[in-house]
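Grab a pencil and work through these exercises with the model open beside you. Try each task before you read its solution.

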Amino acid sequence: MRIGELARRTGVPVPTIKYYTREGLLPPGERTSPNQVRYAESHVRRLKLIRAMLEVGGLSIAAAREVLAEVDSPRRTVHGMLGVAQSAVTKSAVERGTEEDWERAEHEVRELVRRHGWAAKPENPGWKALVQIVVTYRDLQRDDLLALLDTYADAAGKLAIAELGALADVPSTDGKVEGVVLGTVLGDAAMSALRRIAQEDVSGRVQKRPHSA
């Protein structure tokens, strides 16, 4: 197909398709003449994946490029792809607080991981981010929110089992890799959206609850 048909089928304007190609997100089409380029069904799928990451998942062009480079790598593994996708969606932690604050928070995160029996290492993209959250909660004297971390961990553990389990029956490596990307990038967005919906429901029911005299 020509670029105009590719644009119609994906809803991505021609200038944007060319921009994605220049930025290394979309492989170039096959040049059939000096003025014509032909695209394949794989370009349709790739454009849909790009749009999902950028527009729904909220990744930057640079982060999406890093993820897609791993997707295209012949040495890719599903486990390695998970780490790349996690890095893409995890904001870099800014070390606020004293060295003592960070050491205490690091210990607490390590203990949380141990309590839940997780085989995870401090190099995980979420580890340092969680340490920063603990430091921030303590700085704001919000031990009530800090106490929720085990509840978050329980939910996260069940979710991780379900997410990775959903990929077990996917027959191809390509499908598993794409599933890891979408499950991580869009999964974060989905959980944020569902949490907001649930919070509205719970808040409304709490507000309607009669106050005791």
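Before we start, a word on residue classes: Ala, Val, Leu, Ile, Met, Phe, Trp, Tyr, Cys and Pro count as nonpolar, Asp, Glu, Lys and Arg as charged, and the others, Gly among them, as polar. This is a predicted model, where local features need pLDDT of at least 70, side-chain atom pairs count only at pLDDT 80 or more, and totals for chains, interfaces and linings use all residues. Residues are numbered from 1 along each chain as its sequence is written, and side-chain values use heavy atoms, with hydrogens and water left out.

**Exercise 1. Work out how the residues lining the second largest pocket divide by class.**

Solution. Start with the term: on a 1 Å grid over the protein atoms alone, a pocket is an open set of points where a 1.4 Å probe fits, with protein on both sides within 12 Å along at least five of seven lines, and lining residues have an atom within 4 Å of a point. The lining splits into 4 nonpolar, 3 polar and 6 charged residues. Next, look at the middle: of the 13 lining residues, Arg45, Arg46, Leu49, Val71 and Glu178 lie nearest the centre. Helix 3, helix 4 (61-72) and helix 10 each give two or more residues to this lining. Helix 3 has the largest share, with 5 residues. As for volume, you get about 300 Å³ (the space filled by probe spheres set on the grid points, which are joined across faces, edges and corners).

**Exercise 2. Find which helix gives the most to the lining of the largest pocket.**

Solution. First, the volume of the largest pocket is about 2,400 Å³. Its lining has 48 residues, and Gln86, Asn124, Gly126, Ala156 and Asp188 are the closest to the centre. Now go through the elements that give two or more residues: helix 5 (78-89), helix 6 (99-115), helix 7 (125-139), helix 9 (149-166) and helix 10 (173-208). The winner is helix 9, with 12 residues. By class, the lining has 28 nonpolar, 15 polar and 5 charged residues.

**Exercise 3. Decide how helix 1 and helix 2 are oriented relative to each other.**

Solution. Helices here are DSSP runs (H or I, at least four residues), numbered from the N terminus. Two packed helices are described by the angle between their axes and the distance between the axes. Axes are lines fitted to C-alpha atoms, for helices over the stretch in contact, and angles run from 0 to 180 degrees between N-to-C directions. For helix 1 (residues 3-10) and helix 2 (residues 14-22), the axes come within 9 Å and cross at roughly 100 degrees. The two are therefore roughly perpendicular (65 to 115 degrees). Finally, check the contact (heavy atoms within 4.5 Å): Ile3, Gly4, Leu6 and Ala7 of helix 1 meet Val14, Ile17 and Lys18 of helix 2. That contact has 5 nonpolar, 1 polar and 1 charged residues.

**Exercise 4. Is Arg46 buried or exposed?**

Solution. Locate Arg46 in helix 3 (residues 41-56). Then apply the cut-offs: buried means under 20% relative accessible area, exposed over 50%, partly exposed in between (1.4 Å probe, protein chains only). Arg46 has 10% relative accessibility, so Arg46 counts as buried. Leaving aside residues up to four places away in sequence, Arg46 touches Leu25, Leu26, Pro27, Leu68 and Asp72.

**Exercise 5. Put Pro15 and Ala120 into their accessibility classes.**

Solution. Pro15, in helix 2, has a relative accessible area of 58%, so Pro15 is exposed. Ala120 sits in the loop between helix 6 and helix 7. With 35% relative accessibility, Ala120 counts as partly exposed.

How values were computed. Parallel < 35°, antiparallel > 145°, perpendicular 65-115°, else oblique.
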